[in-house]
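Colleague: I would like to go through this model with you, one question at a time. Please give the reasoning before each answer.

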Amino acid sequence: METIKAIQTRRSVRKVSDKEPSKELIEQILDAARRAPNHMNTEPWHFIVLTGEGRNKLGAVYGKENQKLLKDANQETVNAAYEKGIASAKRAPVIIVVTMEPSDNPRAVAIEDVAATACAVEI
């Protein structure tokens with residue numbers, strides 16, 4: 001697909017396939033993301049690939065955050081909020097978590113590291 005056509009037809013979708021992409025495809029995606037522009041070559045991004053049961057820890061975080069939003073809820077509602085978090089993390093067979101660590105280079109600008117990480121995510 002041509003680059004311009006790929007950009008023009010790109011859409012975010014809520015429905016995802018339950019088919020897990022190959023390790024090779026995930027590596028291709030990460031390799032492309034690592035090529036994002038970044039001032040002073042700080043490469044501030046970190047990628048964490050979650051698959052299978054590895055998604056449960058993220059789901060637990062989601063579930064606990066869901067529970068924090070509840071006010072005066074009964075135990076059934078509290079449990080359902082937690083399970084919703086688990087289900088959310090298992091919605092896709094692979095989740096790529098992206099984090100950013102600002103450079104300790106005194107000449108680097110922190111917002112540029114944020115922007116570089118955003119570029120990596122969009123790739």
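**Salt bridges, a helix and a core**

Modeller: Glu65 and Lys68 both sit in helix H3, three residues apart, about one turn of the helix. Bear in mind that this is a predicted model.

Colleague: How far apart are the closest N and O atoms of Glu65 and Lys68?

Modeller: An α-helix has 3.6 residues a turn, so residues three or four places apart point the same way. Glu65 and Lys68 are three residues apart in H3. The two form a salt bridge, and their closest N and O atoms are separated by 3.1 Å.

Colleague: Is Lys68 buried or exposed?

Modeller: Its partner Glu65 has 41% relative accessibility and counts as partly exposed. Lys68 has 60% relative accessibility, and exposed means over 50%. Lys68 is therefore exposed.

Colleague: What span does helix H3 reach from its first C-alpha to its last?

Modeller: H3 covers residues 55-68, which is 14 residues. At 1.5 Å a residue the expected value is 20 Å, and the helix comes close to it. The span reached is 20 Å.

Colleague: Which elements are included in what covers the buried residues of H3?

Modeller: The buried residues of this helix are Arg55, Leu58, Gly59, Ala60 and Gly63. Their cover includes two strands and a helix: strand S1 (45-51), strand S2 (94-100) and helix H4 (75-89).

Colleague: Arg55 is buried yet has no salt bridge; how far away is the nearest side chain of opposite charge?

Modeller: Arg55 belongs to helix H3. Leaving aside residues up to four places away in sequence, Arg55 touches Leu50, Ala89, Lys90, Ala92, Pro93 and Ile95. A salt bridge needs a nitrogen and an oxygen within 4 Å. The nearest side chain of opposite charge to Arg55 is that of Glu53, at 5.7 Å.

Colleague: With which residue does Glu53 form a salt bridge?

Modeller: Glu53 is exposed, at 57% relative accessibility. The closest N and O atoms of its salt bridge are 3.9 Å apart, and the cut-off is 4 Å. The partner is Lys90.

Colleague: How many residues apart are Glu53 and Lys90?

Modeller: Glu53 lies in the loop between S1 and H3, and Lys90 in the loop between H4 and S2. The pair thus links distant parts of the chain. Glu53 and Lys90 are 37 residues apart.

Colleague: How many salt bridges does the structure hold?

Modeller: Besides the pairs already discussed, Asp31 and Arg35 meet through their side chains at 3.1 Å, N to O. Asp31 is partly exposed, with a relative accessible area of 34%, whereas Arg35 is exposed at 63%. The number of salt bridges is three.

Colleague: Which helix gives the most residues to the largest nonpolar core?

Modeller: In soluble globular proteins, nonpolar side chains tend to be buried together. The largest nonpolar core here consists of nine residues: Ile26, Leu30, Ala33, Ala36, Trp45, Phe47, Val94, Ala116 and Ala120. Helix H2 (23-34), S1 and helix H5 (110-122) each supply at least two of them. With three residues, the helix that gives the most is H2.

Colleague: What feature does UniProt place at residues 7-115?

Modeller: In the model, this span is 46% helix and 13% strand, and its end C-alpha atoms lie 19 Å apart. The feature name comes from an unreviewed UniProt entry, which gives "domain: Nitroreductase".

Terms used: Residues numbered from 1 in each chain as written. Predicted model: local features only at pLDDT ≥ 70, side-chain atom pairs only at ≥ 80, totals over all residues. Heavy atoms only, no water. Helix = DSSP H or I, 4+ residues; strand = E, 2+ residues; numbered from the N terminus. Expected span 1.5 Å × (residues − 1). Buried < 20%, exposed > 50% of the residue type's maximum accessible area, 1.4 Å probe, protein only. Contact = heavy atoms within 4.5 Å. Lys, Arg positive; Asp, Glu negative; His and termini not counted. UniProt positions renumbered as here; feature names shortened; annotations may be inferred. Core = buried A, V, L, I, M, F, W, Y, C linked by side-chain atoms within 4.5 Å.
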